[in-house]
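Thanks for coming. I will go through one structure today, starting with a pair of helices and then moving to a few single residues.

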Amino acid sequence: MIERYKDIARGLVVVLWLAMLGSGARAEQPSLTEHSKSTSVTPSAAAPNAAPQGPAIQPTAPAAPQVDTVETNRRVSQEVGYDIHATIDGWKRGLDRLEGEFRRPNLRYVELNSFRDELQGVHSEVTALWNALRPRLAAAKAEVDLLEPAPAAGQPQESQQAALRRAELNYHLGLLSEGQSAINAANLRIDQLTNAVQDIRRKNFTTKLFQRVPGLYSYQTWADTPEYAPLVAGRVADLMVDWWKNVRDPDEVVHTTIVATLLWLALSLVGWWGRRRLRTWSGEGEPPFWSRASSAAGIVTLRILSVASPIVFLYATLAATQGLPEAVDWLFYVAAQSIIIVLTVSALVTTVFAPRSARWRLIPASDHAAARLCGLIILLAVVYGLSSLAYVATLQVQAPFALTMVIAFSSSLLTCAIVVAILLTPLGGERQDGLPQLRWPKALRAPIWAAMAAIVVSALVGYLSLSRFLARQLIVTGSILALLYLLLLWVEGFAQSLSDDGSAAGRWLTARAGLERHRREQIAVPFSLLLKFLVLALSV
């Protein structure tokens, strides 16, 4: 009996224990539920003592559409025909390596030529990628522009399909735009490295006079020149077209050009009238030397001003108002300089030799010799101006160095040929009364012949920098000496006019100072020496 009561007691204990476990589990579950709710509401709503700020549960925005970037990259690469990222990484590695090579000292011409060829290869790859990328980029921009604007805040959300389409197009456009940015950066870096190569080569070319340039007689140097010349001309044309497209005020450029043209016409008309007035002689016989010298000084001044003033005005106005790019500025400057040099030389020689009017000739020479010398000297100035312009053009458009070699070699030899033709031209004129005895120019014939020989030999053996330096210095120094000679002639003519009763200066001294002829001759001697000293000091 007792055992039965014990079994009943045990059963009651078990039931009570299970009941306690069940009540504990029910008491714990609400706390877990409230914990989960506390993670889905705002912090203010989760705080038990905070005032209610609105509904505890807010609607969630739809998830952003997931773009399949791998598929989009594959499709872009297939459309363009290039793996854009891999291609760009290849460029960067190659340009990094070349930039490191440029830091090495004492780079040789062969190494620089190799570096330039590699840069040209990378540039070709960049151009090819851009040609393939450009139409795709324009099409992608057009597709994005056709999309309706994205819904603003508070407006109904667009469909999942439309959002996915928008995201794919934007990602597609982003890939192409990234490729465009990489192409622009690569082109800029290639230009910088190419300029570095050119700077090193031209520094060697201009400073190391006794450095021999290899490859002068190689077949490739001369065979590629017919291709390089149109290439450079095309680059110069493209440079000018780009400048014109981006010019600040095209109308102002046109107006400035018209004003410069009108200025040239007006000064030319004044010069024509002045030449007719200055070359008028009413006295008996041929005009004396002082009359020819004074008229020549006025005629040269009128001729030079009529061409130099409009050119200087045009260039200075464009440079000041249009903000010329550096390359365009250099081309305009050297072109203006070359034109002024050619026209100034033409004005000087045609005035001094007067091939069509022997009576006003300052140097005794036959008509044939005067015409021949005028043509040769003007041709020499043209060669000098064109070679200077070509040299600057090859520098600004990064022309192949082989073309620079050919230009230097050809211009040096052509300069020598023209100077030799000038030296071999006999004057054949008769001695004229009043012409000063200036024998020192004849003493320069031997040094000039020696300079000709040095230019030819240095060019033929490959020392092009030395040859070009000697040729340019010969022209510059010869021009200074020729101008010195003409100035001394004009000083001598002015001194003669002081003692001549038919000149304006002689009549003025007679009327104002009462000086007789022999007194004027005595004054003319020290005055002539003073002027000649000033001319010599100026020329030095």
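Start with how H13 passes H14: the crossing is left-handed. Please keep in mind that this is a predicted model. The two helices pack at an angle of about 155 degrees, and their axes lie 10 Å apart. That makes H13 roughly antiparallel to H14, given that angles over 145 degrees count as roughly antiparallel.

Which residues meet across this pair? From H13 there are Phe409, Ser412, Leu413, Cys416, Val419, Val420 and Leu423. From H14 there are Arg445, Ile448, Trp449, Met452, Ile455, Val456, Ala459 and Leu460. As a general point, an α-helix has 3.6 residues a turn, so residues three or four places apart point the same way.

Now H14 by itself. With 16 residues at 1.5 Å a residue, H14 should span 22 Å, and its end C-alpha atoms are 23 Å apart, which agrees. Its buried residues are Met452, Ile455, Ser458 and Ala459. They cover an arc of only 145 degrees around the axis, so they sit on the same side of H14. What do the buried residues of H14 pack against? They pack against H13 and against helix H15, residues 464–498. Just after H14 comes Gly462, with a positive phi of about 105 degrees.

Next is H8, residues 225–245. H8 has 21 residues and reaches 30 Å from its first C-alpha to its last, close to the 30 Å expected at 1.5 Å a residue. The buried residues here are Thr225, Tyr228, Val232 and Trp243. Their arc around the axis is only 55 degrees, which puts them on the same side of H8. On the other side of H8, Pro226, Glu227 and Lys245 are exposed. The cover over the buried residues of H8 includes H7 (219–223), H9 (250–278), H11 (326–353) and H13 (401–423). So H13 turns up twice in this talk, because it helps cover the buried residues of H8 and also packs with H14.

Two single residues are worth a look. The first one is Gly179, in helix H6, which runs over residues 160–207. Is Gly179 buried or exposed? It is buried, with a relative accessible area of 0%. Leaving aside neighbours within four places in sequence, Gly179 is in contact with Ile84, Ile88 and Leu133. The C-alpha atoms of Gly179 and His85 are separated by 8.0 Å, although these residues are 94 residues apart along the chain.

The other is Ala354, in the loop between H11 and helix H12 (367–396). Most residues other than glycine have a negative phi. Ala354 has a phi near 40 degrees, a positive value in a residue other than glycine. Ala354 is also buried, at a relative accessible area of 3%.

To finish, the chain as a whole. Its secondary structure comes to 17 helices and zero strands. Of the 540 residues in the chain, buried ones make up 32%. Among contacts with a separation of 6 or more, 79% are between residues 24 or more positions apart. The pair of Gly179 and Ile84 is one of the contacts I listed earlier.

That is what I have. I can go back to any of these on the screen.

Technical notes:
Residues numbered from 1 in each chain as written. Predicted model: local features only at pLDDT ≥ 70, side-chain atom pairs only at ≥ 80, totals over all residues. Heavy atoms only, no water. Helix = DSSP H or I, 4+ residues; strand = E, 2+ residues; numbered from the N terminus. Expected span 1.5 Å × (residues − 1). Buried < 20%, exposed > 50% of the residue type's maximum accessible area, 1.4 Å probe, protein only. Arc of directions from axis to C-beta. Contact = heavy atoms within 4.5 Å. Axes fitted to C-alpha atoms, helices over the stretch in contact; angles between N-to-C directions. Parallel < 35°, antiparallel > 145°, perpendicular 65-115°, else oblique. Left-handed = near helix turned anticlockwise from the far one by under 90°.
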